[in-house]
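Open the model in your viewer and keep the sequence panel beside it. Each stop below says what to select and what is there.

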Amino acid sequence: HYVVSIMFRDIIELISIEHEVDENGFEIKNEVATEVFANKKSIRASEFYESQKLGYKLAIMFEIRVWDFDNQEYLIHEEIIYKIERLYQKNSEILELVCSKVV
């Protein structure tokens, strides 16, 4: 059998927030960005309406390679910040990141 090759057309930055404490005991938040290739996709209508019932609005979905994801909470695409609301592993290589827009 063979592996289907997917061409990733978009670039996103996966963002994780690291919490540290400085020498004075104050918490410092550091953003760590990792640039990865992705495919921008539309949200399925059923997911869009279901999310509104739950109080948030899904805006966009990205497909990335499974090994590029390390439990990041946010991503940036075209200078827009998105919160990663849900993950779906399509197969052994592809992970869907379903996101809402951060206002």
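Start with the turn between S1 and S2: these two strands form a hairpin, with five residues between them. Click on Gly25 in this turn, where phi is positive, at about 90°. Bear in mind that the model is predicted.

Next, select residues 10–21 for strand S1 and residues 27–41 for strand S2. The two pair in the antiparallel sense, and twelve bridges hold the pairing. For one position along it, pick Ile12 and look across to S2, where Val36 stands opposite.

Now add residues 58–65, which make up strand S3. S2 and S3 run antiparallel and are joined by three bridges. Which residue in S3 is the bridge partner of Lys40? Select Phe62, and you have that partner.

Keep Phe62 selected for the next stop. How many aromatic pairs does the structure hold? There is one. Add Tyr82 to the selection: the ring centres of Phe62 and Tyr82 are 6.2 Å apart and the planes lie at 65°, so the pair is edge-to-face. An angle over 60 degrees is what counts as edge-to-face. The pair links distant parts of the chain, since Phe62 belongs to strand S3 and Tyr82 to strand S5 (residues 80–89), 20 residues apart.

Last, show the surface around both rings. Are Phe62 and Tyr82 buried or exposed? Phe62 has a relative accessible area of 0%, so it is buried. Tyr82 has 7%, which is under the 20% cut-off, so Tyr82 is buried too.

Definitions and conventions:
Residues numbered from 1 in each chain as written. Predicted model: local features only at pLDDT ≥ 70, side-chain atom pairs only at ≥ 80, totals over all residues. Heavy atoms only, no water. Pairing = 2+ DSSP bridges. Helix = DSSP H or I, 4+ residues; strand = E, 2+ residues; numbered from the N terminus. Phe/Tyr/Trp six-rings, centres within 6.5 Å; stacked < 30°, edge-to-face > 60°. Buried < 20%, exposed > 50% of the residue type's maximum accessible area, 1.4 Å probe, protein only.
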